[in-house]
Amino acid sequence: MARTTLFLLTLALIGPYLYDRYLGISSVLSDRPGKLKSIHNIKQHEVKVQDRIRNCEDVGLAILSCDPGRDRWNTVMGSFHPELGIASGALYIYDYSNPGLSDDEALKSLTLKNFNVDDFHPLGIEFDSPTSTLYVVNHAQSGSAIEVFNLSIKSLTATHIKTFKHPLLHSPNSIHSLGSGKIFFTNDHNLRASLSPLLSKIETWSGIPGGSVIYVDLNDPSTAKTVARVGFANGITMLNSTTLAVASSSKPGVLFYHVTPDYSLQYKGLIRVPAAVDNISVDGKGKLLMAGHAFAPELIKVAKRRAKCNFESEKEEERKACENGAPSWVGEWSEEKGLRELYKDVEYGSSSTAVRDTTRGLGMVVGLYERGVFVFRE
Ligand SMILES: *[C@@H]1O[C@H](CO)[C@@H](O)[C@H](O)[C@H]1NC(C)=O
Ligand SMILES: *[C@@H]1O[C@H](CO)[C@@H](O)[C@H](O)[C@H]1NC(C)=O
Ligand SMILES: *[C@@H]1O[C@H](CO)[C@@H](O)[C@H](O)[C@H]1NC(C)=O
């Protein structure tokens, strides 16, 4: 009797956990190479400026953060090869809405003023337009930070204002600005890959809620507080004035929270998606856009192989190391219409962010290990 009770109790505790992991892992395995059924719920698409930029992570306001150094220095995926030499990242403005410009003219690099770019490895960026403030997650080798710039789009210059470091900022990934220096940001892991690659991987695959969401007013660092714990917390954005959405790459899915007046979070529920969702954004009609990885193990393979990548090399081995076979996945969600898959394929791989300009009926996707920007129309 006692035994039966104990058994049931254990099952009750561990059952939901196993089911959760089953959902997480089965969706990821059904899209293994050779089994991938591509999805193209979009009318047309084109990859632009692929000879100019690669490893971009962001298309917010068509400001792009690109880091060719990611091949050898990726604190999220656990690639650490400083001995091979690490290229620096850069920020760009992509003026996609001006039909008079050629693709090459449309892409302009930003000058970073009062800032040393030698150890610059940008990931998530966020632009607060009322104050022209640009927040940039920097995975510098000397330690992760959030860099704050004053951006002048007209003069294509971002002037450095300050570097924010804090004990609660240890594996920063994405930022959402609430205005006037107040932000939410995610830490993707608790166990940083730079401290222990193995433990960090266990954290990823077990679905342990090791990542976190942090609130801070950058004008007063003492306000920093952990407001949620989320397994592999990734993209973060307000869905509307009261609901915050946070992507969990290990769930995988998107979690929703009610934001209280003191910036605490109350969990409201989640949606599951059939891919390791990476970043999220909200379009002009309030729809949630998601980009992620249809088969995460392939992304891990690409991340490993990339350390040797050299597009211009005479050695075939080094050129082959640049191949990106990690399938992309893009989807959208709204409360009324539910989940709709938009794109799944390997042609443009490792998708990490999708955004949509609803007034022009045009969407853009960037890939973690991909060249150029994927532009689609619906
Ligand atoms: C995710 O997407 C948003 C919206 O485009 C962007 O501002 C943010 O920087 C992105 N985060 C990462 C880690 O790419
Ligand atoms: C940013 O630059 C503009 C123009 O140079 C200036 O008016 C504004 O005060 C600056 N903002 C901050 C936060 O430094
Ligand atoms: C925000 O979005 C959530 C999820 O779709 C919805 O339940 C909530 O009513 C919305 N709130 C507002 C203020 O629009």
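**View 1. Ser350 is buried, at 0% relative accessibility.** This close-up, like the others, shows a predicted model. Buried stands for under 20% relative accessible area, exposed for over 50% and partly exposed for the range between (1.4 Å probe, protein chains only). Ser350 sits in the loop that runs from strand E24 (338-345) to strand E25 (351-357). Strands (E, at least two residues) and helices (H or I, at least four) are DSSP runs, numbered from the N terminus. The phi angle of Ser350 is positive, about 50°, yet the residue is not a glycine. Residues count from 1 along each chain as its sequence is written, while chains are lettered from A and ligands numbered from 1 in the order written. Local features need pLDDT of at least 70, side-chain atom pairs count only at pLDDT 80 or more, totals for chains, interfaces and linings use all residues, and side-chain values use heavy atoms without hydrogens and water.

**View 2. Ser180 is a non-glycine residue with positive phi.** Its phi is about 50°. The loop between strand E13 (172-179) and E14 holds Ser180. Ser180 counts as exposed, with a relative accessible area of 53%. Ser350, by its 0%, counts as buried.

**View 3. Phe184 and Tyr215 form an edge-to-face pair.** Ring centres within 6.5 Å make a pair for Phe, Tyr and Trp (its six-membered ring); planes under 30 degrees apart are stacked, over 60 edge-to-face, the rest tilted. The chain holds 10 aromatic pairs by this rule. The centres of the Phe184 and Tyr215 rings are 5.9 Å apart and the planes stand at 70°, so this pair is edge-to-face. Phe184 belongs to strand E14 (residues 182-187) and Tyr215 to strand E15 (residues 211-217). The two are 31 residues apart, so the pair links distant parts of the chain. Phe184 and Tyr215 are both buried.

**View 4. Four aromatic residues make one cluster.** Its members are Tyr343, Tyr348, Phe374 and Phe376.

**View 5. Glu332 is buried and bonded to two basic side chains by polar contacts.** Glu332 is part of strand E23 (residues 328-334). Its relative accessible area is 5%, which puts Glu332 in the buried class. A polar contact is a pair of N or O atoms within 3.5 Å; within protein one must be able to donate a hydrogen and the other to accept it, and residues adjacent in sequence count only through side-chain atoms on both sides. The side chain of Glu332 meets that of Arg356 at 2.7 Å. It meets the side chain of Lys287 at 3.4 Å. Contact means heavy atoms within 4.5 Å. Beyond neighbours within four places in sequence, Glu332 is in contact with residues including Leu288, Leu289, Met290, Gly338, Leu339, Arg340, Leu342 and Glu378. Lys287 and Arg356 are also among them.

**View 6. Asp278 is buried and pairs with His293.** Strand E21 (residues 276-282) carries Asp278. The relative accessibility of Asp278 is 5%. The side chains of Asp278 and His293 share a polar contact of 3.0 Å.

**View 7. Leu270 is partly exposed.** Leu270 lies in strand E20 (residues 265-272). Its relative accessibility is 33%. Leaving out residues up to four places away in sequence, Leu270 touches Lys251, Val254, Leu255 and Phe256. Gly253 is 17 residues from Leu270 along the chain, and their C-alpha atoms are separated by 6.8 Å.

**View 8. Lys251 and Pro252 are joined by a cis peptide bond.** Omega of this bond is about -15°. Pro252 falls in the loop between strand E18 (243-248) and strand E19 (253-259). Lys251 is also one of the residues that Leu270 touches.

**View 9. Six residues surround ligand 3: Leu239, Asn240, Ser241, Thr242, Thr243 and Glu335.** A residue belongs here if one of its heavy atoms lies within 4 Å of the molecule. One oxygen-to-side-chain distance, to an N or O atom of Asn240, is 2.3 Å. An oxygen atom of ligand 3 also lies 2.8 Å from an N or O atom in the Glu335 side chain. Alone, ligand 3 exposes 360 Å², and the protein buries 56% of that. Areas follow the Shrake-Rupley method with a 1.4 Å probe; for residues, only the protein chains shown count as cover.

**View 10. The whole chain has five helices and 27 strands.** Of its 378 residues, 53% count as buried. Among contacts with a separation of 6 or more, 53% come from residues 24 or more positions apart. The accessible surface of the chain is about 17000 Å², and carbon and sulfur atoms account for 54% of it.
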